[in-house]
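Let's take a walk through a protein model together. Have the picture open and follow along.

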Amino acid sequence: MTRFPDKLEPGSAYPLGASFDGLGVNFAVFSANADQIDLCLFDPSGRREVGRYTLPECTDEVWHGYLPDARPGLLYGLRAHGPYHPEEGHRFNPAKLLIDPYARGLSGPLRWSDALHGYSVRSRRADLSYDRRDSAPFLPKGVVTAEHFDWSQDVRPRTPWSRTVIYEAHPRGLTMLFDAVEPAERGTFAALSHPAVIDHLLSLGVTALELLPIHAYAQDRFLLEKGLSNYWGYNTLNFFTPEPRYFASATRDELRFAVRRLHAAGIEVILDVVYNHTAEGSELGPTLSWRGLDNASYYRLVSDAPRHCVNDTGTGNTLNMSHPRTVQMVADSLRYWATSYGIDGFRFDLGTVLGRNAGGFDPAHAFFHVVRQDPVLQRLKLISEPWDIGPGGYQLGHHPPGFAEWNDKFRDCMRSFWRGDPGRRGELAARLSGSGDLFDRRARRPWASVNFLASHDGFTLADLTAYEERHNEANGENNADGHGHNLSRNWGAEGETDDPGIRETRAKLQRAMLTCLFSAMGTPMLLGGDEFARTQHGNNNAYCQDNALSWFDWKQALSPEGTALTAFTARLAALRAKYESLRSARYLYGQEQPEEDVSDLEWFDASGARTEGQSWENPEERCLVMRRAVRSADGELVAVTLLLNAADSPRDVQLPPPGETHLLLIDSADPQAEEREIGDRFTLQAHSAALVCGSEVDS
């Protein structure tokens, strides 16, 4: 091993983390309340500490030092000295090795041990006690990195929001059972760049692949003790390091290769990021990084009892986004992923937490200002999950311009309407037309509404039509976990059935719901696997199921039923791309007339009468017709009409003008039928949806 000097040089307070300059490594770490920060060096195995230095300088609350002759690959950790006064929010304990919050790589696994806690877990005083055992043997070590990836020839797709189609998938589960991928690469970043994966996405018209969390994360101790594991990854251990188990080799550039190839295919990459909490849990959790470096700065603590963490996330702790250094850490992390890995956007888990201060959620929070003013981040796709469990935590539609939001009202309305609930047409109209009642303010556009039928959290689309109750027994919590309000319906049998009538009804409903998803104004997000009816057998909280229950069953995708549904989904995406009115970049309110007696947006009943006044109030009416009309670039009027029938019997629908003949684009009740001309009436089957294009009217 290289012989290093007896002490560190002063170095620089910027940038934070471990930075190699060709001659040595600069180390810089923030802590406003520490008395001393030690840098610990380890041998290549990570098992033996081979050197310890005190960072010699502290500038603007950043401790720093420079180690000459140090090189990439060096393993290190930190130890922080300071007050151990839990009642005041301080939990310094130099016996606990700490991961650098800005580490760009990690070596070794997290091995659970009571020694990882800053207190004695067996003491009657609980977290008020003090534990002197060294935690280094159980903690991953930071790795000094140097990056040389050439992005100079990369061209970001920069797909306009109005043309964006998002595909949400787990980076591991997507390819674990994909025979086209080499066995050694299945479930890894390398598999994401496989031609078969990219071809599948392209065939669906996908423009953006949204990956569940890929930041390095901790396996929950309680899950490991039950023989389970954290599959989803919402338990961040470090915000700058890719999850090590998603690499197939030691090159560590597989993710960059994948992003580069996806970009070349015209597909953007969006990351689901978890900046609302960390893997350290509540005040009774372990000391792994932020807690030991500066608990009172990094976490929100109960104001009159700072021994305790604020728990607006439901996971035990909440990052303190009112502290400028925490905001800086999140912004630095986002910028790092955007520049070093070519990432095109981010979906913020429990995004309201990022905009919280002492008074609650604030759309003018510093975090939003920082991101929207950053020259790199402001050009990316930014999506928030607009809720958390804290006071006033439901903030759908209240984020600032520049952010899109997951629209759970779209999800719930579609589920409710198609399972046959009464009185849903009014809200259905609002959701299909871009949810302007929620988002049309401050010059926001329809794309701000991210529309989805299903996501990783909850039932898959197939399970929505097959189960009325959750079936989470495999999670080991007596089926008590997961959401109980799923707005699902099994149509006559709970789970799988051989009954042909039930199977056909379920298939029709899946196609009808997909038709709504791709026909609605806003940004469609497809849960990966829904295009071929992927099932989790009724498990609506598969966060701990890293097995075939959660993995994509590509044999199902290649079955006749899976192939047919995939082809139907692809047709829907192609129609959305072709017809501007299906993906309008502006809100339509029926106030403009591109042709005499033809408004840009209108609603009709099955009889052809305009839906007005009392006709909206009929709770038992389950048929609705939506026509959108716009002029194409060459001046032709193009009117596309969406027909919906959630009733148990067919409806004879009078098609609205323009034209006496229409082109049937797609019919969810007859999915293999090709486009064909029809007259001005159409029989819409039960539980089905159709798209019709009115004959063009000369301008």
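## A helix tucked inside

In helix α5, the buried residues are W290, R291, G292, L293, D294, N295, S297 and Y298. That is eight of the nine residues of α5 (residues 290-298), so the helix is largely enclosed by the rest of the structure. Keep in mind that you're looking at a predicted model.

Now zoom out. The UniProt record, an unreviewed entry, places a feature called "domain: Glycosyl hydrolase family 13 catalytic" at residues 172-576. Over residues 172-576 the chain is 33% helix and 11% strand, with its end C-alpha atoms 29 Å apart.

Next, look for the barrel. Eight strands close up to make it, in the order β12-β13-β14-β17-β20-β21-β22-β23, and their pairing is parallel. From one strand to the next, the twist averages 25°. Want to see one pairing up close? Strands β22 and β23 run parallel and are joined by three bridges. Within this pair, V450 has T523 in β23 as its bridge partner.

Here are the elements to find, with their positions:

| Element | Residues |
|---|---|
| Strand β22 | residues 449-452 |
| Strand β23 | residues 523-527 |
| Helix α5 | residues 290-298 |
| Helix α8 | residues 408-418 |
| Helix α9 | residues 425-432 |

Last stop: a pair of helices. The axes of α8 and α9 come within 10 Å and cross at roughly 135°. That angle makes α8 oblique to α9. The crossing of these two helices is left-handed. Where they meet, α8 brings K409, F410, C413, M414 and F417, while α9 brings R425, E427, L428, R431 and L432.

Terms used:
Residues are numbered from 1 along each chain as its sequence is written. This is a predicted model: local features need pLDDT of at least 70, side-chain atom pairs count only at pLDDT 80 or more; totals for chains, interfaces and linings use all residues. Side-chain values use heavy atoms; hydrogens and water are left out. UniProt positions are given in the numbering used here, feature names are shortened, and annotations may be inferred rather than shown by experiment. Helices (H or I, at least four residues) and strands (E, at least two) are DSSP runs, numbered from the N terminus. Two strands pair if DSSP finds at least two bridges between them. Axes are lines fitted to C-alpha atoms, for helices over the stretch in contact, and angles run from 0 to 180 degrees between N-to-C directions. Buried means under 20% relative accessible area, exposed over 50%, partly exposed in between (1.4 Å probe, protein chains only). Angles under 35 degrees count as roughly parallel, over 145 as roughly antiparallel, 65 to 115 as roughly perpendicular and the rest as oblique. A crossing is left-handed if the near helix is turned anticlockwise from the far one by less than a right angle, and right-handed if clockwise. Contact means heavy atoms within 4.5 Å.
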